[in-house]
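Grab a pencil and work through these exercises with the model open beside you. Try each task before you read its solution.

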Amino acid sequence: MIGIKGTRGVGKTTFLLQYAKENFDTQDRQCLYINMNNFYFQGRGIADFAGEFYRNGGKVLLIDQVFKRPDWSSELRRCYDEFPDLKIIFTGSSVMRLKEENPELNGIVKSYNLRGFSFREFLNRQLNASFSSYGIEEILTNHKQLAKKIQNKIDVKKLFQDYLHHGYYPFYQENRNYSENLLKKMNMGIEVDILLIKQIEQKYLTKIKKLFYQLAIDGMMTPNISRLANDIQTSRATVMNYIKYLYDARLTNTLYKPMQSFPKKPSQIMLQNTNLMYAIYPLGFTRQEVMETFFVNCMWKDHTVNYCGKPTSYYVDNRYTFKIMGMKPSEKQMQDCDAVRVTYADSWEKDKMIPIWLFGFLY
């Protein structure tokens, strides 16, 4: 039994359909895709349906948006116990806490998070290319050769800006307004995923949305919980919970000091990826904020990122300190900086720094 989680728009449904297409013939009835949005499942339990499918020769059941059934976890447990040869792959919201909130699934589900495109994946899709990913150690020790090799093949500057604006979510390839579509996905993530899964009453929806917008326009600063609570007319504890839900929905990234986590107050909050920034408040963010958001999101998949305590600096894996810089820093800044220097300036090679876009090749 495999669970695929991810925010709206990253391609969970497409993933299931591609899996079926690549592994089964269209006439092969051993694999079946079902979506819990179908009204049929308002009157039919997952386990009963799966049992009928299994008895008729079914081997792989693909269940989309499983959380739309209120009893989904107990139903999946029944499937596991009663149909041991049936393979189930299901998708759910990133807001779901599969094992923490559903102990009946402990030990029987392998969970994966599906992320949006990395810069590397965006390039491969756009250019029909086959760029490889690089580990963090390889980038730190061999960034000059890696970056020059890539730059010799493509116009990195233009393509990188395209990615920052609209390259994270695969639906940028659809023939409709990307920002409007992204805003729709963001609203559904709050209106459906957070409210439904966390069982929050509809009347509190505007408070969560207002908090999200306020966190976005506040920029990269330590949140003032008391002010935010006053702004949305609720308690400090509720604000802290809402901040956690927005992070679970992959709408924000919350950074803590080393060895700290929720329910401690975050030291820094930023939007989860740069595409969200351009959709929410396109003229309200500095280039520096966009680049720091990109860097943190690149690291977030396989590394721990903590608040460093210094402006524009981040502590990664309890080992490296990275400082994000723009145009050529002063000699004093260079002398004061004992961190790995990362830049979004074109003069990265001359300034002996790592180009920030190269971290888009981490996955």
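**Exercise 1.** Decide whether Asp 231 is buried, partly exposed or exposed, then find its salt-bridge partner.

*Solution.* Keep in mind that you're working with a predicted model.
- Step 1: Asp 231 has a relative accessibility of 26%. Buried means under 20% and exposed means over 50%, so Asp 231 counts as partly exposed.
- Step 2: Look for a partner of opposite charge, and you land on Arg 227, with the closest N and O atoms 3.2 Å apart.
- Step 3: Why can these two meet? Asp 231 and Arg 227 sit four residues apart in helix α9 (residues 225–231), so about one helical turn separates them.

**Exercise 2.** Find the salt bridge that Arg 227 makes with Asp 218, and say how exposed the two residues are.

*Solution.*
- Step 1: The side chains of Asp 218 and Arg 227 meet at 2.7 Å, N to O.
- Step 2: Asp 218 has a relative accessible area of 22%, so it's partly exposed.
- Step 3: Arg 227 is partly exposed too, at 29%.

**Exercise 3.** Work out which of Arg 69 and Asp 71 is buried and which is partly exposed.

*Solution.*
- Step 1: The two side chains form a salt bridge, 3.1 Å from N to O.
- Step 2: Arg 69 comes in at 12% relative accessibility, so call it buried.
- Step 3: Asp 71 reaches 27%, which makes it partly exposed.
- Step 4: For the wider picture, a search of the whole structure turns up 19 salt bridges.

**Exercise 4.** Explain why Cys 31 has no disulfide bond to Cys 79.

*Solution.*
- Step 1: A disulfide needs two cysteine sulfurs within 2.5 Å.
- Step 2: The closest cysteine sulfur to that of Cys 31 belongs to Cys 79, and it's 15 Å away, so a bond is out of reach.
- Step 3: Now check the whole structure: it has zero disulfides.

**Exercise 5.** Name the residues that touch the most other members of the largest nonpolar core, and follow the contacts of one of them.

*Solution.*
- Step 1: This core has 108 residues, and the ones touching the most other members are Ile 63, Trp 72, Phe 119, Ile 194, Phe 322 and Phe 359.
- Step 2: Helix α12 (residues 287–300) gives the largest share of this core, eight residues.
- Step 3: Pick Ile 63. Leaving out residues up to four places away in sequence, its contacts include Leu 16, Ile 34, Met 36 and Phe 90.
- Step 4: Why group them like this? In soluble globular proteins, nonpolar side chains tend to be buried together.

Methods:
Residues numbered from 1 in each chain as written. Predicted model: local features only at pLDDT ≥ 70, side-chain atom pairs only at ≥ 80, totals over all residues. Heavy atoms only, no water. Core = buried A, V, L, I, M, F, W, Y, C linked by side-chain atoms within 4.5 Å. Buried < 20%, exposed > 50% of the residue type's maximum accessible area, 1.4 Å probe, protein only. Helix = DSSP H or I, 4+ residues; strand = E, 2+ residues; numbered from the N terminus. Contact = heavy atoms within 4.5 Å. Salt bridge = Lys/Arg side-chain N within 4 Å of Asp/Glu carboxyl O.
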